[in-house]
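Here are some short exercises to work through with a protein model in front of you. Try each task yourself before you read the solution.

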Amino acid sequence: MKDYHINIFYSDEDEGYIADIPDLRMCSAFGLTPADALAQAEIAKRAWLDAARAEGKPIPPPRYRPVIYQLAA
């Protein structure tokens, strides 16, 4: 796997879409559309990785796979 999986789902509470990256703890973003949420998640991912590198913290490899893809393996 070359990149991190991103989940995108609609949140009634937030009245918009949430995108989260399971492999990067606490890395998520919001958008009014799925495309907006994805674009914001890409920005959040870069910021998360930059901050981890700057602090000398470990960067986890991409590992998360949705169940549907685990069954096919």
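**Exercise 1. Find the bridge partner of Ala 19 in β3.**

Solution. Keep in mind that you're looking at a predicted model.
- Step 1: Go to strand β2, which covers residues 16-20.
- Step 2: Look across to β3, where Ala 29 turns out to be the bridge partner of Ala 19.
- Step 3: Now check the two strands as a whole: β2 and β3 run antiparallel, and 4 bridges join them.

**Exercise 2. Work out the strand order of the sheet, and say which strands stand at the edges.**

Solution.
- Step 1: Some background helps here: strands of a sheet pair through backbone hydrogen bonds, and they can do so in a parallel or an antiparallel way.
- Step 2: This sheet is open, has 3 strands in the order β1-β2-β3, and pairs them antiparallel.
- Step 3: β1 (7-11) and β3 (28-31) each have a single partner strand, so they stand at the edges, with one side of each left without a neighbour in the sheet.
- Step 4: For the twist, ignore direction: on average, neighbouring strands here are turned by 25° against each other.

**Exercise 3. Which strands does helix α1 lie across?**

Solution.
- Step 1: Pick out helix α1, made of residues 34-55.
- Step 2: Follow the helix over the sheet, and you'll see that α1 lies across β1, β2 and β3.
- Step 3: Compare directions with β3: helix α1 runs at about 150° to that strand.

**Exercise 4. Search the whole structure for aromatic pairs and classify what you find.**

Solution.
- Step 1: The search turns up 1 aromatic pair.
- Step 2: The pair is Tyr 10 with Tyr 17, and their ring centres are 5.1 Å apart.
- Step 3: The ring planes stand at 75°, so this pair is edge-to-face. The cut-off you need is that planes over 60 degrees apart get that label.
- Step 4: Check accessibility too: Tyr 10 is partly exposed at 42%, and Tyr 17 is partly exposed at 24%.

**Exercise 5. How many salt bridges are there in the whole structure, and which residues are linked in a network?**

Solution.
- Step 1: A full search gives 3 salt bridges.
- Step 2: Start with Lys 45 and Asp 3, whose closest N and O atoms are 3.0 Å apart. This pair links distant parts of the chain, 42 residues apart: Lys 45 sits in helix α1, while Asp 3 is in the segment before β1.
- Step 3: Lys 45 also forms a salt bridge with Glu 42, at 3.1 Å between the closest N and O atoms. Both residues are in helix α1, 3 residues apart, or about one turn of the helix.
- Step 4: Put those together, and Asp 3, Glu 42 and Lys 45 are linked in a network of salt bridges.
- Step 5: Then there's Arg 53 with Asp 50, where the closest N and O atoms are 3.6 Å apart. These two are 3 residues apart in helix α1, so about one helical turn separates them.

**Exercise 6. Is Lys 45 buried or exposed?**

Solution.
- Step 1: The cut-off for buried is under 20% relative accessible area.
- Step 2: Lys 45 has 9%, so Lys 45 counts as buried.
- Step 3: Now try the partners of Lys 45: Asp 3, at 40%, is partly exposed, and Glu 42, at 25%, is partly exposed.

Methods
Residues are numbered from 1 along each chain as its sequence is written. This is a predicted model: local features need pLDDT of at least 70, side-chain atom pairs count only at pLDDT 80 or more; totals for chains, interfaces and linings use all residues. Side-chain values use heavy atoms; hydrogens and water are left out. Two strands pair if DSSP finds at least two bridges between them. Axes are lines fitted to C-alpha atoms, for helices over the stretch in contact, and angles run from 0 to 180 degrees between N-to-C directions. Contact means heavy atoms within 4.5 Å. Rings of Phe, Tyr and Trp (its six-membered ring) pair if their centres lie within 6.5 Å; planes under 30 degrees apart count as stacked, over 60 as edge-to-face and the rest as tilted. Buried means under 20% relative accessible area, exposed over 50%, partly exposed in between (1.4 Å probe, protein chains only). A salt bridge is a side-chain nitrogen of Lys or Arg within 4 Å of a carboxyl oxygen of Asp or Glu.
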